[in-house]
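Q: Please choose one part of this protein and take me through it slowly, giving the cut-offs behind each term as you go.

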Amino acid sequence: MSILENVQRLLTVYAQGVTDLSFSEVAEQLDLPKSSASHLLNQMHRFGLLEQNPQTRRYRTSALLAQASHAHNHSSSWDAQCWQVLEQLSERTGLTAYLSTLSGAQTMVIQRLDGRSPVQVVSPPGSLRAAGDTAMGRALLSRLTAAEFELLYGSDAQQLLEPPSQAGLANTGALAEEVALARRQQHAVLVDAALPGVGAIAAAVRHPVSGELRGFCLSFVAGVHAPMDAPSLNQYRQLMLDEVGALGRRVSDRYWSEPALPAAQWSTSL
């Protein structure tokens, strides 16, 4: 039996609620010769998986493992909450809903829920798009600090975007203006921009502890899923703010504790 198998067996013992073990208890629990138990404990202690009480000489799991477990639990809870919001957005609208994050200056799809309509706007998980050309990307970029934005696009407002924008943005300054608008409105909306006939509404949450970004987006075909009028689209915009804002407040994202901009002050979506 390999040492990794014995590591797994011993961690399973601790996972069952045991707080600490002596050398002899480890040998007995794992049915190991004393020499093998000694080697296992020495190696796990050496590589930071176990700690030994200097007074009792008993072994317990290390702070490193506790931190890894905490990170896993946080990640699982965070992912579950994001998934619930995605489900709500898709269920309440019947539209295709996306969960994405930033990969450099691109958006990357993490998950997709298809809507009920036979006409779908589909990008598979893993798909990458220039962030400035999408509502999702602008919502995500709006959650970056000024330094983070500058790291991606530089400080020269006249710098041409590379690759060139498919949404008609001339330069970094034009993108910065759109991102600032998304930040004020707490969401971004694009209709008939990079993809003719396609509209999208997006908002983003940033976890205050890990800094992880998650963007939520509803995509639709204009004239099929929604009439081309502002009141109809504003219903989707308000739903996005309600659902994503509630998640932001649950995780104590201070951005979502700010008063919402009244709908009368939203930018035109057409």
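A: What follows is a close look at the sheet and its surroundings.

This is a predicted model, in which local features need pLDDT of at least 70 and side-chain atom pairs count only at pLDDT 80 or more, while totals for chains, interfaces and linings use all residues. Residues are numbered from 1 along each chain as its sequence is written, and side-chain values use heavy atoms, with hydrogens and water left out.

The sheet is open and is formed by 6 strands in the order β5-β4-β3-β8-β7-β6, with antiparallel pairing. Helices (H or I, at least four residues) and strands (E, at least two) are DSSP runs, numbered from the N terminus, and two strands pair if DSSP finds at least two bridges between them. The edges are β5 and β6 (188-191), each of which pairs on one side only. Direction ignored, neighbouring strands are turned by 30 degrees against each other on average; axes here are lines fitted to C-alpha atoms, for helices over the stretch in contact, and angles run from 0 to 180 degrees between N-to-C directions.

Within this sheet, β3 (residues 96-103) pairs with β4 in the antiparallel sense over 7 bridges, and Ser-100 stands opposite Val-109 in β4. Following β4 (106-113), the loop that leads to β5 (128-130) holds Arg-116. This arginine counts as exposed because its relative accessibility is 57%, where exposed means over 50%, buried under 20% and partly exposed in between (1.4 Å probe, protein chains only). Leaving aside neighbours within four places in sequence, Arg-116 is in contact (heavy atoms within 4.5 Å) with Ser-90, Glu-91, Thr-93 and Gly-94.

Across β6, β7 (198-206) and β8 (213-221) lies helix α8 (residues 230-250), which runs at about 15 degrees to β7. Here we come to the largest nonpolar core, which has 28 residues, and Leu-89, Val-205, Phe-216, Met-240, Val-244 and Leu-247 are those with the most contacts inside it; such a core is a set of buried Ala, Val, Leu, Ile, Met, Phe, Trp, Tyr and Cys residues joined through side-chain atoms within 4.5 Å. At least two residues of this core come from each of α4 (63-93), β3, β6, β7, β8 and α8, and α8 gives the most, with 7 residues. Not counting residues up to four places away in sequence, Leu-89 touches Ala-97, Phe-216, Leu-218, Leu-239, Met-240 and Glu-243. Apart from this core lies another, of 25 residues, among them Leu-102, Leu-161, Leu-169 and Val-179.
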